[in-house]
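This report describes the fold of a single chain, from overall dimensions to one ring pair. Please read it alongside the sequence and the coordinates.

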Amino acid sequence: MVKITDVARHAGVSPSTVSYALSGKRSISAETRRRVQASIRELGYRPHAGARALASSRSNVLALVVPLRTGMHVPVVMQFAVSVVTTARQHDHDVLLLTQEEGEDGLRRVADTALVDALIVMDVQMHDDRLPLLRGLDRPAVLIGFPAEPAGLTCIDLDFRAAGAACVEQLALLGHRCVALIGSPPEVYVRETGFARRVAEGFTSAADRHGLTSSIHPCEASPAAARAVAERLLREHPALTGVVVHNEPVIDPLIEAFEELGLRVPGDLSVTAICPDELAGRARVPVTSVAIPTAEVGTRAVELLMEKLDGQEVPEATLLPPRLTARASTAPRPVP
């Protein structure tokens, strides 16, 4: 491991001079600073976190606030987290993961210390009680998700309203006239989680625009719940030929349930989904889907934070357009 004394010897200065170059506590000549920096690069010296903090007045740590609430699909949440951590390391930052359901108190506990330079907040609700604190923080924050009133905040996410609409547009293009949204677990809607509400809005508006019969059905993330929803749909909507699924764990159980109830996918029933591409591709029947771009959202959230930390202006709203990929689960509406 390269030490500060190795850098000093290579640059032809004292260890204290190297320390001053890192901390900025004392002025040194530009030429000496350049020699020290060149030696640091050539030897691959990595300053201790404390020295970096002294030099920059930063901790080089970001907080990722992910309350693991009921109804959340943890594997997809962790995809976001991995993207944030990976990108943060590229910017020489570590990530403090906060998963407890502490709401405003948890945010304040972290924000009132020197533990972190900035925050990324996930699972944003339409009327999130953390928003007043986030608007008043003395350090940057980025939300992955949009509340009802995003003014004064920096938010990024997939355009879930457009994603819901895109799935309906695909079914309408194939001639389907009766469609259903099998959505997130009921508690996600009760909390008014932003992405779930916006998918429902986009689904309904697109169905109305095309004159389709439509209905929305929250669903617990279990095979038994998927079977119950499938049975209810066929009982209440016998003309149903198109389904949009926004609930990753029940995609395969739903397809299996419909098949056991006598509907072939896609011969009798077309299925679309909003989910990560890899999940859609390995489903029981590869599913036509709008991708959830976890890697891109996580990366851009960190980049927005880095720009804010550098004092740059950033857009308040970044909505990523939906990208729909057609697969084997959709086909033209069957002719009676």
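The sections below cover the overall form, the two sheets with their helices, and an aromatic pair.

## Overall form

The model is predicted. Its chain contains 14 helices and twelve strands. The radius of gyration is 25 Å, whereas a compact globule of 336 residues would have a value near 20 Å. Taken along the principal axes, the C-alpha atoms fill a box of roughly 85 × 40 × 35 Å.

Of the 336 residues in the chain, 50% are buried. The accessible surface amounts to about 15,300 Å², and carbon and sulfur atoms account for 54% of that area. Counting contacts between residues at least 6 apart in sequence, 73% join residues at least 24 apart.

## The parallel sheet

One open sheet has six strands in the order β2-β1-β3-β4-β5-β11, with parallel pairing. Its edges are β2 (94-98) and β11 (317-320); each has a single partner strand, so one side of each has no neighbour in the sheet. On average, neighbouring strands of this sheet are turned by 20° against each other, direction ignored.

Within the sheet, β1 (residues 61-65) and β3 (residues 118-121) are paired in the parallel sense through four bridges. Leu 62 has Ala 118 in β3 as its bridge partner. Helix α5 (residues 74-90) packs on this sheet and touches β1, β2, β3 and β4 (141-144). The direction of α5 makes about 155° with that of β2. Helix α14 (residues 294-309) also packs on the sheet, with contacts to β1, β3, β4, β5 (155-158) and β11. Here the angle is about 165°, taken between the directions of α14 and β4.

## The mixed sheet

A further open sheet is formed by six strands in the order β7-β6-β8-β9-β10-β12, and its pairing is mixed. Why do β7 and β12 each have one side without a neighbour in the sheet? Both β7 (213-218) and β12 (324-325) stand at the edges and have a single partner strand each, so one side is left free of a neighbour.

Strands β9 (residues 270-274) and β10 (residues 288-290) run parallel and are joined by three bridges. Thr 272 is opposite Thr 288 in β10. Helix α10 lies across β6 (178-183), β7, β8 (242-245) and β9, and runs at about 165° to β7. Helix α11 (residues 223-236) packs on the sheet as well, touching β6 and β7. The direction of α11 makes about 155° with that of β7.

## The aromatic pair

With ring centres required to lie within 6.5 Å, the count comes to one aromatic pair. The pair consists of Phe 160 and Phe 195, with 5.6 Å centre to centre and 40° between the planes. Planes under 30 degrees apart would count as stacked and those over 60 as edge-to-face, so the Phe 160 and Phe 195 pair is classed as tilted.

The two rings come from distant parts of the chain, 35 residues apart. Phe 160 belongs to helix α8 (residues 160-173), and Phe 195 to helix α10 (residues 194-209). Helix α10 is also the one that lies across β6, β7, β8 and β9.

Is each ring residue buried or partly exposed? Phe 160 has a relative accessible area of 6% and is buried, because the limit for buried is under 20%. Phe 195, at 30% relative accessibility, counts as partly exposed.

Notes:
Residues numbered from 1 in each chain as written. Predicted model: local features only at pLDDT ≥ 70, side-chain atom pairs only at ≥ 80, totals over all residues. Heavy atoms only, no water. Phe/Tyr/Trp six-rings, centres within 6.5 Å; stacked < 30°, edge-to-face > 60°. Helix = DSSP H or I, 4+ residues; strand = E, 2+ residues; numbered from the N terminus. Buried < 20%, exposed > 50% of the residue type's maximum accessible area, 1.4 Å probe, protein only. Pairing = 2+ DSSP bridges. Axes fitted to C-alpha atoms, helices over the stretch in contact; angles between N-to-C directions. Contact = heavy atoms within 4.5 Å. Rg over C-alpha atoms; globule rule 2.2 N^0.38 Å. Areas by Shrake-Rupley, 256 points an atom, 1.4 Å probe, with all protein chains shown as cover.
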